[in-house]
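Visitor: Please take me through one part of this model in detail. I would like the sheet, strand by strand, with the cut-offs behind each term.

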Amino acid sequence: MMITTSDIQPGMEVTGADDKHVGKVDHMDGAEAIKLARQDSTADGKHHWIPLKWVESVEGQTLKLRLSAADAMDQWQDAA
């Protein structure tokens, strides 16, 4: 199933392929990037971007990534 920007809503939980918490969606930033909330325990007070292509599925209010949580946090981009 193709994930579209309309599937992704603010406040959704983001988990890795290992079901571990990565963050919460702040908003879509354009058509290809998801900006994660900085108020999350994993965010260190900063916004981070993850690419839409990392999303494996949307299950209710949860985005499940193709990567493990650790890999996603190693590779996310800091947002200004």
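Guide: Start in the middle of the sheet. A33 stands opposite P51 in strand 4. Strand 3 (residues 33-36) and strand 4 run antiparallel, joined by four bridges.

Some ground rules come next. This is a predicted model, in which local features need pLDDT of at least 70, side-chain atom pairs count only at pLDDT 80 or more, and totals for chains, interfaces and linings use all residues. Residues are numbered from 1 along each chain as its sequence is written, and side-chain values use heavy atoms, with hydrogens and water left out.

Strands are DSSP runs of E with at least two residues, helices are runs of H or I with at least four, and both are numbered from the N terminus. Two strands pair if DSSP finds at least two bridges between them.

Now the whole sheet. It is open, has seven strands and takes the order 5-6-1-2-3-4-7, with mixed pairing. Strand 5 (55-59) and strand 7 (77-78) are the edge strands, each pairing on one side only. Along the sequence, the pattern reads β-β-β-β-β-β-α-β. The radius of gyration of the chain is 11 Å, close to the 12 Å from the globule rule for 80 residues, so the chain is as compact as a globular protein of that length. That radius is taken over C-alpha atoms, and the rule is 2.2 Å times the number of residues to the power 0.38.

Back to strand 3. A33 and K35 point one way from this strand, I34 and L36 point the other way, and all are buried. Buried means under 20% relative accessible area, exposed means over 50%, and partly exposed lies in between (1.4 Å probe, protein chains only). Across the chain, buried residues make up 40% of the 80 residues.

On to strand 2 (residues 21-29). Strand 2 pairs with strand 3 in the antiparallel sense, over four bridges. One pairing to find is V25, whose bridge partner in strand 3 is L36. The hairpin of these two strands has three residues between them, and G30 takes a positive phi near 80 degrees there.

Next, strand 4 (residues 48-51). I50 sits in strand 4. I50 counts as buried because its relative accessibility is 1%. I50 and I34 are 16 residues apart along the chain, yet their C-alpha atoms are separated by 5.3 Å. Contact here means heavy atoms within 4.5 Å. Not counting residues up to four places away in sequence, I50 touches V14, E32, A33, I34, L36, L65 and W76.

Strand 4 also reaches the edge. Two bridges join strand 4 to strand 7, and these strands run antiparallel. Within this pair, W49 stands opposite Q77 in strand 7.

Finally, strand 1 (residues 13-15). T15 lies in this strand. With 7% relative accessibility, T15 counts as buried. Leaving aside neighbours within four places in sequence, T15 is in contact with K20, H21, V22, T62, L63, K64 and L65. L65 is thus one of the contacts of T15, and L65 is also among those of I50.

One count for the whole chain closes the tour. Among contacts between residues at least 6 apart in sequence, 42% join residues at least 24 apart.
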